[in-house]
Amino acid sequence: MKPKYYLTTPIYYVNGAPHLGHAYTTIACDVLARWKRLDGFDVMFLTGTDDHGQKVEKAAAEAGMDPQAFTDRISAVFQDLAGRMGISNTDFIRTTQARHKAACSELWRRLRAADEIYLGSYAGWYAVRDEAFYDEDELTSRPDGTRIAPSGAVAEWVTEPSYFFRLSQWQDKLLKFYEENPDFIAPATRRNEVISFVRGGLRDLSVSRTSFRWGIPVPDDPAHVMYVWLDALTNYLTATGFPDPEAPMAGFWPADLHVVGKDILRFHAVYWPAFLMAAGIAPPKRVFAHGWWVAGGEKMSKSVGNVIDVDELVRSFGLDAVRFFVMREVPFGNDGDFHRKALIQRINTELANDLGNLCQRSLSLIARNCEGRLPARGAGASEDDVAMLAAAEALPGLLRGHFDRQAFSDALEEVWRVIRAANAYIDRQAPWALRKTDPARMEMVLRVLADVLRGVATVLQPFMPDAMARMLDQLGVPDYARAVADLANPLPDGTPLPAPQGVFPRYTEEVV
Ligand code: ME8
């Protein structure tokens with residue numbers, strides 16, 4: 001049986017259309033999901049939308065729509081975007097679904113039965129844009145007296161009856177949990193931030209609201225709706241069929257990885273494991289917080305209105321190039337400023353020149369000089385051949401390590417190191433000159449190049465599924481031999497290859 005791997009994106013608020021920031025998280029998860037499948041795992045990959053909460057209710061009211069109809073419409077836009085980005089999610093969850101309401105109600109009942117939730121009343125600050133409660137000392141003031149959260153969102157004073165989760169009781173248990181599970185929060189700088197936040201002391205958390213209706217009613221007290229974050233976080237459990245232990249996907253819990261933006265790490269790394277442990281449920285294994293795409297110095301966001309339209313990018317540059325660029329340009333975890341120039345540069349240098357030309361040169365030499373059949377490796381490999389093949393053969397092992405740390409740009413750098421070495425190899429060996437002088441040697445060199453290209457294309461499939469499928473077609477690799485494990489079996493000598501075609505065109509900016 002294949003080992004299981006369960007990873008998730010955040011579920012996105014449906015208060016506006018998706019942008020590059022959302023696509024980024026989802027693409028990163030997709031790359032990882034595809035890699036894990038390629039590497040022999042049974043993968044559950046969840047994404048979806050966060051339909052409830054005051055912020056969504058407000059957006060629906062502003063659009064003059066009933067919240068259900070509004071969320072139906074925007075949730076569909078997120079679902080379509082996932083399709084257009086080539087996302088291989090195995091499920092798409094919405095918090096308005098019946099399965100989710102049932103899971104949340106059950107989690108609430110368990111927390112209540114364990115006396116982890118009690119009724120009180122909340123008087124404090126709340127920022128609707130963040131759907132988050134803030135302490136007085138976290139806020140700053142504008143000259144007009146408006147109070148501002150660290151995120152820049154406006155905070156309002158709220159007084160209402162509320163249920164509370166006994167978060168204050170979880171400080172030591174959380175700290176112990178982080179210590180025993182050093183990989184639970186990544187990157188390390190974020191882990192340290194979370195630990196110092198928890199060390200600073202935790203207050204009980206308000207987990208229900210009475211001032212609006214758009215949420216899941218609290219069991220046995222329908223005047224309250226559940227706090228949108230308790231509702232939203234539970235989605236990860238819902239999708240595994242919770243509370244049914246016999247559900248087909250039940251074996252995927254605990255999740256292997258929640259990928260989130262750094263804005264929502266606290267919810268995932270503090271509240272979520274506390275809720276779960278309090279209900280006697282295993283916490284997830286890891287939470288990775290990536291950085292932000294910024295524009296004009298500010299986080300790209302629907303609320304700020306400085307967003308980049310992913311569909312436009314894909315129309316201009318192609319899906320694979322966009323996926324490659326966002327994974328390559330910025331180390332996962334860091335912030336990045338989006339520049340079209342940098343995207344064009346990467347397309348032309350790394351895709352068209354480094355990889356595209358290498359492939360085109362090698363395959364056209366094979367087409368012309370080897371009757372379009374895969375040449376034999378033959379005996380008597382030179383030191384240069386052996387080193388070149390060894391570099392390509394080392395890729396899966398190296399990439400496995402990078403993927404398990406979510407170090408996507410390191411994984412790509414590793415592959416490009418091999419591509420650059422292969423370009424140097426072809427120039428050094430000059431197979432075009434060997435045709436007359438030493439045809440056996442020419443065949444050897446071309447076969448080394450074909451094998452290196454196969455290794456490269458195989459491990460790049462998660463990043464650029466379409467382009468790499470075309471490249472593997474041209475290399476004569478059958479559909480059933482494209483997994484990591486298949487690299488152990490060389491293709492038969494003499495495999496017929498189709499006529500070579502360019503995989504990555506150069507991008508030339510239209511001169512206006
Ligand atoms: O927070 N750069 O939903 P949300 C990078 N519903 N990533 C970005 C980004 C940017 N500029 N902008 C958004 C919510 N993201 C909650 C989540 S989960 C149980 C509930 C990505 O619509 C990033 O992953 O505000 C961020 O965490 C997420 O979108 C927030 O999406």
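Is Arg377 buried, partly exposed or exposed? In this predicted model, Arg377 has a relative accessibility of 29% and therefore counts as partly exposed, since that value falls between the 20% limit for buried residues and the 50% limit for exposed ones. Arg377 is placed in the loop that runs between helix H12 (340-369) and helix H13 (383-393). When its neighbours within four places in sequence are set aside, Arg377 is in contact with Leu389, Glu393, Met444, Arg447, Asp451 and Asp493. With one of these residues, Asp451, the contact is polar and joins the two side chains at 2.8 Å. Leu389, another residue in contact with Arg377, stands 12 residues away from Arg377 along the chain, and the C-alpha atoms of the two are separated by 11 Å.

The loop between H12 and H13 also holds Glu371, which has a positive phi of about 55 degrees although it is not a glycine. With a relative accessible area of 69%, Glu371 is exposed, because this value is over 50%. A positive phi is also found at Asp115, where the angle is near 60 degrees, again in a residue other than glycine. Asp115 belongs to the loop between helix H4 (98-113) and strand E4 (117-127), and at 44% relative accessibility Asp115 counts as partly exposed.

Two peptide bonds that precede a proline also deserve description. The bond from Ala186 to Pro187 is cis, with omega near -10 degrees, and Pro187 lies in the loop between strand E9 (185-186) and helix H6 (188-199). The bond from Trp253 to Pro254 is likewise cis, with omega near 0 degrees, and Pro254 is in the loop between H8 and strand E14 (257-261). As background to these angles, most residues other than glycine have a negative phi, and most peptide bonds are trans.

The ligand is surrounded by 25 residues, of which Ile11, Thr25, Asp50, Trp293 and Met300 are the closest. Polar backbone atoms of two of these residues are paired with nitrogen atoms of the ligand: for Ile11 the distance is 2.8 Å, and for Trp293 the distance is 2.9 Å. Taken alone, the ligand exposes 670 Å², and the protein buries 97% of that area. In addition, an oxygen atom of the ligand is 3.1 Å from an N or O atom in the side chain of Asp263.

Several elements contribute to the shell around the ligand, for strand E1 (4-13), helix H1 (20-38), helix H7 (228-233) and helix H8 (235-238) each supply at least two of its residues. The largest share, 4 residues, comes from E1. When the shell is sorted by class, 12 residues are nonpolar, 9 are polar and 4 are charged.

A search for disulfides across the whole structure finds 0. A disulfide is a covalent bond between the sulfur atoms of two cysteines. For Cys359, the closest cysteine sulfur is in Cys370 at 15 Å, which is too far for a bond because a disulfide requires sulfur atoms within 2.5 Å. Cys359 has a relative accessibility of 2% and so counts as buried, a class that covers values under 20%. Cys104 counts as buried as well, with a relative accessibility of 3%.

Definitions and conventions:
Residues are numbered from 1 along each chain as its sequence is written. This is a predicted model: local features need pLDDT of at least 70, side-chain atom pairs count only at pLDDT 80 or more; totals for chains, interfaces and linings use all residues. Side-chain values use heavy atoms; hydrogens and water are left out. A residue is near a molecule or strand if one of its heavy atoms lies within 4 Å of it. A polar contact is a pair of N or O atoms within 3.5 Å; within protein, one must be able to donate a hydrogen and the other to accept it, and residues adjacent in sequence count only if both atoms are side-chain atoms. Accessible areas come from the Shrake-Rupley method with a 1.4 Å probe; for residues, only the protein chains shown count as cover. Ala, Val, Leu, Ile, Met, Phe, Trp, Tyr, Cys and Pro count as nonpolar, Asp, Glu, Lys and Arg as charged, and the others, Gly among them, as polar. Buried means under 20% relative accessible area, exposed over 50%, partly exposed in between (1.4 Å probe, protein chains only). Contact means heavy atoms within 4.5 Å.
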